[in-house]
Each structure stands twice: as C-alpha cells, then as structure tokens.
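Let's take a walk through this structure together, one piece at a time. Have the sequence and the 3D view open beside you as you read.

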Amino acid sequence: MSKKLLLSVALTSALMSGHAFAHDSSFQNNSCDMELDGHIQYYQGDLTVQMDNGSVMTIDSHHNMSINGEPVSLDSEQQRWVSEYYNNIDIAIPMTLNIASEGLQIANVAVTEVFTELLGGDQMGDDFRELFDSLETKLNTSFYDDAGNIRVDSTKFDEPGWFDESWEQEFEAQIESLISESMGRILIAVGTQMLWEGGDMSEFEQKMERWGEDLEYRLESQAAALEEKGDALCKVLKKADYAEGKMQASISGLDDLNLLDIDQDNHHDHNDEMKM
C-alpha cells in the first residue's frame, strides 16, 4: 500500500515543483540559468552593486552613477547602457516578487486540495494553510519595508541565485515534514476510501488519477500564466546582463562588474534583446 500511496500523493510534488514553482525552477534552471556574482542592494530607487574587487557601484533613480562614492562622468553611449541596466533590474525585481507570491498562491490551492481530497476536513488542512501564511509573511517581511517599499539585500541570501533559492528548499522540507507527521492519518484515509471501492486498489488509483487530472486542468491556466511571466522575466534579465557587459567594457572602474551571470547558450539575438 505504501508504494501506491506515494503514487497518489506524488501529485503534490508534481504540482509544487512542476507548475506552482515554475517561476523558480523554470527560469533559473532551464531558461535563464542565472546566478549573482557579487552582491546587490536595492532600496527606494538606489541600486548598489558590490563588485568582486570590493569596489561599490551605485546608480540612483535618475541614472546617475558613482563608484566608491565618486560620481562618474558618462558620455551618451555609456549613459544609454547605464540606463538600460538600471531600468531592467528595476523591472525585474518587482516581477520576481510578484511571481514568487503568485507561485505560493497556486501551490497553496494545489497542496491543500490534494489533502482535503484525501483527508476531508482535517487538522492537516489547517496546518498547510498556516504554512502558506507563514511563507507569505516571510516573503513580505524579507523584501518589503513597513511602508510597502521593495527592499533587496543579496548579502542576506543563503544561495547565489537571482533570488534566494532556499525558498523552494524550505517549502519542500516543510511539506515533507507535514506529510511525515500525518502519515498515519493519510494511510487511514486511503484505506477508508479504498473500502468504498470494495478494496480494489486499481479502482482507487484510477479515481485519484482522474481527480488529479481535474485539479491540474483547473490550475493549468494559472500555471501557464505564471510560466509566461517567468519567460518575460528571463528576457528582462538578459537585457540587463547584456547592458552590464557593455558597461564593463566601456566604463573605467567596472572591470570586475559581473553581477548577472547568465548561461550564454540561452541568449536571444542581441539585436532582438535590445529593442526598446
């Protein structure tokens, strides 16, 4: 029974890692393969990047640049790349947070419905709701100040990704913990439902598959929309990465600027990327 149980419960993991978290695994691993090389801080319009050599570059909301506190004079071409770099990061940060929040909402529906179907009105449903509420609270307190302004500081990240990849790991660990703690109730619930099917395991498995397909169908449009947003975020980050390379090559003092490290195999044609 345990093996069959895992097959039915595996729907949770499939929805969580395949659809609900498409914003994470898709754009970081498949489309963008993006990592941060250095540290970024963003707050109230000021973008600060600490480079590998310890120098600090700052670009304010008016696209003025300074290095280690000293203003940098830019020609028109250099200013174009600085503005392009700033604008795309300024777009990418709220996009990322929005995708993370929507992903949590979709995962909340998927996971709670799975276990409501298995267990009915059970304490476990309340436990899952508390889990998602706590993750949403952590997202808000980690990336927003009390006034609702976005605040990003990558020095506080545990992982080197565009945004901290430990979010997904923490989510999966807590889901696994809740499932483990409730395994006895799950086994009883599965056994009870099987009795209604006359003890026919294949009939019960087919029932769960049909229900899983129905849930996936109902979430499909939301997951597809989230995946499209992930693709759009990739394009924005690639534009920022391209502008960063132009800045590094043309502006003195930025030799060690390489904040956005992206897989070159996934780049679109630069002419297409830089269309305004």
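A good place to start is a pair of neighbouring strands: strand E4 (residues 56–59) and E5 run antiparallel and are joined by three bridges. If you look for Ile59, you will find it standing opposite Met65 in E5. Before going further, please keep in mind that this is a predicted model.

Ile59 is also a handy link to the next strand over, since Leu47 stands opposite Ile59 in E4. Here E3 and E4 pair in the antiparallel sense, this time over four bridges. The hairpin of E3 and E4 has five residues between the strands, and Gly54 takes a positive phi there, near 95°.

One step further along, E2 and E3 form another antiparallel pair, with five bridges between them. In this pairing, His39 is found opposite Gln50 in E3. The hairpin of E2 and E3 has two residues between the strands.

Now let's put these pairs into their wider setting. In which order do the six strands of the open sheet stand? The order is E6-E5-E4-E3-E2-E7, and the pairing is antiparallel. E6 and strand E7 (151–153) stand at the edges with a single partner strand each, so one side of each has no neighbour in the sheet. As general background, strands of a sheet pair through backbone hydrogen bonds, either parallel or antiparallel.

Two of the loops between strands deserve a closer look at the backbone. Most residues other than glycine have a negative phi. Gln44 is not a glycine, yet its phi is positive, near 50°. You will find Gln44 in the loop between strand E2 (39–43) and strand E3 (46–50). Is Gln44 buried or exposed? Gln44 is exposed, with a relative accessible area of 55%.

Asn68 makes a nice companion to look at: this residue, too, is not a glycine and has a positive phi, of about 55°. Asn68 sits in the loop between strand E5 (65–67) and strand E6 (70–71). With a relative accessible area of 48%, Asn68 counts as partly exposed.

Let's turn to the charged side chains. Side chains of opposite charge can pair when their charged atoms come close. How many salt bridges does the structure hold? There are two salt bridges in the structure.

One of these salt bridges joins Arg80 and Glu77, whose closest N and O atoms are 3.9 Å apart. That distance falls inside the 4 Å cut-off used for a salt bridge. Both residues belong to helix H3 (residues 76–119), and because they are three residues apart, about one helical turn separates them. Arg80 is partly exposed at 39% relative accessibility, and Glu77 is partly exposed as well, at 42%.

Another salt bridge is formed by Lys229 and Glu102, with the closest N and O atoms 2.5 Å apart. Lys229 lies in helix H7 (residues 201–250) and Glu102 in helix H3, so this pair ties together parts that are 127 residues apart in sequence. Lys229 is partly exposed, with a relative accessible area of 30%. Glu102 is also partly exposed, at 21%, which is just over the 20% below which a residue counts as buried.

With those details in hand, step back to the whole protein chain. It contains eight helices and eight strands. Of its 276 residues, 45% count as buried. The chain exposes about 13700 Å², and carbon and sulfur atoms supply 46% of that area. Among contacts with a separation of 6 or more, 72% are between residues 24 or more positions apart.

Finally, how confident is the predictor? The protein chain averages a pLDDT of 75, and 67% of the residues score at least 70. Among the elements of the chain, E5 has the highest mean pLDDT, 98, whereas helix H1 (residues 2–20) has the lowest, 36. Over residues 1–30 the pLDDT stays under 50, and the model has 69 contacts beyond four places in sequence for this stretch. Residues 264–276 also have a pLDDT below 50, and this stretch has 24 contacts in the model beyond near neighbours in sequence.

How values were computed: Residues numbered from 1 in each chain as written. Predicted model: local features only at pLDDT ≥ 70, side-chain atom pairs only at ≥ 80, totals over all residues. Heavy atoms only, no water. Buried < 20%, exposed > 50% of the residue type's maximum accessible area, 1.4 Å probe, protein only. pLDDT = per-residue confidence, 0-100. Contact = heavy atoms within 4.5 Å. Areas by Shrake-Rupley, 256 points an atom, 1.4 Å probe, with all protein chains shown as cover. Salt bridge = Lys/Arg side-chain N within 4 Å of Asp/Glu carboxyl O. Pairing = 2+ DSSP bridges.
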